[in-house]
Amino acid sequence: MASAFSHVVAALSLGTCLYRPEVSKRVWVAGAVCSVIPDLDVVGFRFGIRYADFWGHRGFTHSLVFAALLTGVVMFVCFRHGAPGLGRLPLSAYLFLATASHGVLDAMTNGGLGVAFFSPFNNGRYFLPWRPIRVSPLSFGRFFSPQGYLILKSELLWIWLPAAVFALTVLMLRPRQPGATAVN
Ligand SMILES: [Zn+2]
């Protein structure tokens, strides 16, 4: 996995495509939470579920179908009446992409098994052809080790920096809101 911090950064960066001041902050919080939920599958290790199993790490919870299901659940539980400042379709698309971005980043790491993007139809594990991100340890404590520094450096370079460039580009290319002077 990439670290939870970096998954959140990716989700917030995607959110800039929809950002407007009037959009409820709950949307960005929901996107951030959705981006880390797939890694709840690590609790399976405690119950004897193996890495390569259906419910194993990077298994079903990292799939596109899971991203769609989670989007449906979050829409129903948190945004049943929509979100101020954002239509249902863009909101759903954002939650889906925030969740799905998790698997994409994991598939760019240099360790572990691949990601079951197409589960439950195909439980094969896949990596992207380009894997520059150092894999993050499964245990939180080991993240704060000398090896953790190298992981952080790798994530800053390959996730945080592109996420910041993407967000700034989106914000700069955005058409300006009509100013008060445009009112007749
Ligand atoms: Zn993961």
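**Figure 1. Helices α2 and α4 form a right-handed crossing.** The model shown here, as in every view below, is predicted. The axes of α2 and α4 come within 7 Å and cross at roughly 30°. Angles under 35 degrees count as roughly parallel, and α2 and α4 are therefore roughly parallel to each other. On the α2 side, the contact uses Val-27, Trp-28, Ala-30, Gly-31, Cys-34, Ser-35 and Val-36. They meet Leu-91, Tyr-94, Leu-95, Ala-98, Thr-99 and His-102 of α4. Sorted by class, the contact of α2 with α4 holds 9 nonpolar and 4 polar residues, with no charged ones.

**Figure 2. Four residues coordinate the zinc ion.** The donors are Asp-39 (OD), His-62 (NE2), His-102 (NE2) and Asp-106 (OD). They sit at 2.0 to 2.2 Å from the metal. Angles among the 4 donor atoms run from 93 to 162°, and the site is irregular. Four donors count as tetrahedral if all angles lie between 85 and 135 degrees. Along the chain, the spacing of the donor residues reads D-x22-H-x39-H-x3-D. Asp-39 and His-62 both lie in the loop between α2 (25–36) and α3 (64–78), so this pair ties together parts that are 23 residues apart in sequence. His-102 has a second role in the picture, as one of the α4 residues that meet α2.

**Figure 3. Helix α1 packs obliquely against α2.** The two axes come within 8 Å and cross at roughly 140°. That angle makes α1 oblique to α2. The crossing is right-handed. From α1, the contact takes Ala-4, His-7, Val-8, Ala-11, Leu-12 and Gly-15. From α2 come Trp-28, Gly-31, Ala-32, Ser-35 and Val-36. Of the residues in the contact of α1 with α2, 7 are nonpolar and 4 polar, and none is charged. Trp-28, Gly-31, Ser-35 and Val-36 also appear among the α2 residues that meet α4.

**Figure 4. Helix α1 passes α6 in a left-handed crossing.** Here α1 spans residues 4–15 and α6 spans residues 146–173. Their axes come within 9 Å and cross at roughly 15°. The helices α1 and α6 are therefore roughly parallel to each other. Phe-5, Ser-6, Val-9, Ser-13 and Leu-14 are the α1 residues in the contact. Facing them in α6 are Glu-155, Ile-159, Trp-160, Ala-163, Phe-166 and Ala-167. The contact of α1 with α6 counts 8 nonpolar, 2 polar and 1 charged residues.

**Figure 5. A cis peptide bond joins Ser-119 and Pro-120.** Omega of this bond is about 5°. Pro-120 belongs to the loop between α4 (88–106) and α5 (140–143). Most peptide bonds are trans.

**Figure 6. Arg-58 has a positive phi.** The value is near 65°, in a residue other than glycine. Most residues other than glycine have a negative phi. Arg-58 is found in the loop between α2 and α3. The zinc donors Asp-39 and His-62 lie in the loop between α2 and α3 too.

Terms used:
Residues are numbered from 1 along each chain as its sequence is written. This is a predicted model: local features need pLDDT of at least 70, side-chain atom pairs count only at pLDDT 80 or more; totals for chains, interfaces and linings use all residues. Side-chain values use heavy atoms; hydrogens and water are left out. Axes are lines fitted to C-alpha atoms, for helices over the stretch in contact, and angles run from 0 to 180 degrees between N-to-C directions. Helices (H or I, at least four residues) and strands (E, at least two) are DSSP runs, numbered from the N terminus. Angles under 35 degrees count as roughly parallel, over 145 as roughly antiparallel, 65 to 115 as roughly perpendicular and the rest as oblique. A crossing is left-handed if the near helix is turned anticlockwise from the far one by less than a right angle, and right-handed if clockwise. Contact means heavy atoms within 4.5 Å. Ala, Val, Leu, Ile, Met, Phe, Trp, Tyr, Cys and Pro count as nonpolar, Asp, Glu, Lys and Arg as charged, and the others, Gly among them, as polar. Donors are N, O and S atoms within 2.8 Å of the metal (3.2 Å for Na, K and Ca); water is not among the atoms, so sites may look incomplete. Four donors count as tetrahedral if all angles lie between 85 and 135 degrees; four count as square planar and six as octahedral if opposite donors are over 155 degrees apart and all others between 65 and 115; anything else is irregular.
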